[in-house]
Amino acid sequence: MNGILKRTFQKVYSLPKCFFYQIIGHGCIKIYGLQRWERGVKIYFNGGYLEIGRLCNFRRGVQLHALNGGIIRVGENTVFNRNVSVTAMNKITVGNHVKIANNVVIVDHDHDYKNNNRGYKTGSVVIEDGVWIGANSVILRNTYIGANSVIAAGSVVKGIVPPKTIYGGKVATEIKNFETMDKTNDIQEKHE
């Protein structure tokens, strides 16, 4: 009996928040069915669009940012654990029955360092159905995670993760040395 009462309270409690977000969203937010929203969930949209499927669970500290025409689509029965941050300037799609652990960051854009950090490079992120993303992971732009895959805790993911795969790791290596890069540009300019 207690379980039924608790679930009923959670559904009734989440109902006003769903209506509130849909009203202030002016058509920029669509929320289907009932959700479970804990306190401290924040939704930001500045010219973006947000769509959330039925029976999703949003824990404290979750932040969803749909900016500059960015689109965030979330399927049904998806869980966003504490302090998950999702920021879209292009498009992020999260499938059904996805589990996202604490402190995960999902972004579909990078700063354009070649242009003195003015502006962004955008891509997309697709997370298929049944994916489990471990705590403290970072999902970067132009990433596709196939259905029923597992992303190990602390991973940095960019690129394609095939379906039914365990993926993990974050080995940091030198990508470019700005001094070397400047010298190379100087040499190329002299030869042109």
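A search of the whole structure finds six salt bridges, a salt bridge being a side-chain nitrogen of Lys or Arg within 4 Å of a carboxyl oxygen of Asp or Glu. This is a predicted model: local features need pLDDT of at least 70, side-chain atom pairs count only at pLDDT 80 or more, and totals for chains, interfaces and linings use all residues. Residues are numbered from 1 along each chain as its sequence is written, and side-chain values use heavy atoms, leaving out hydrogens and water.

Three of the salt bridges are listed here, including their N to O distances.

| Acid | Base | N to O distance |
|---|---|---|
| Glu 38 | Arg 36 | 3.5 Å |
| Glu 38 | Arg 59 | 2.7 Å |
| Asp 110 | Lys 158 | 3.8 Å |

Glu 38 is buried, at 11% relative accessible area. Buried means under 20%, exposed over 50% and partly exposed in between (1.4 Å probe, protein chains only). Arg 36 is partly exposed at 28%. Arg 59 is partly exposed at 23%. Shared partners join Arg 36, Glu 38 and Arg 59 into one network.

Asp 110 pairs with Lys 158. Asp 110 sits in strand S13 (residues 109–111), Lys 158 in the loop between S20 (156–157) and S21 (160–161), 48 residues apart. Strands are DSSP runs of E, at least two residues, numbered from the N terminus.

Strand S7 (residues 71–74) alternates its side chains. Ile 72 and Val 74 point to one face and are buried; Ile 71 and Arg 73 point to the other and are not. S7 pairs with S4 (residues 49–52) in the parallel sense over four bridges, where pairing needs at least two DSSP bridges. Glu 51 stands opposite Arg 73. Four bridges also join S7 to S10 (residues 91–94), running parallel. There, Ile 72 stands opposite Ile 92.
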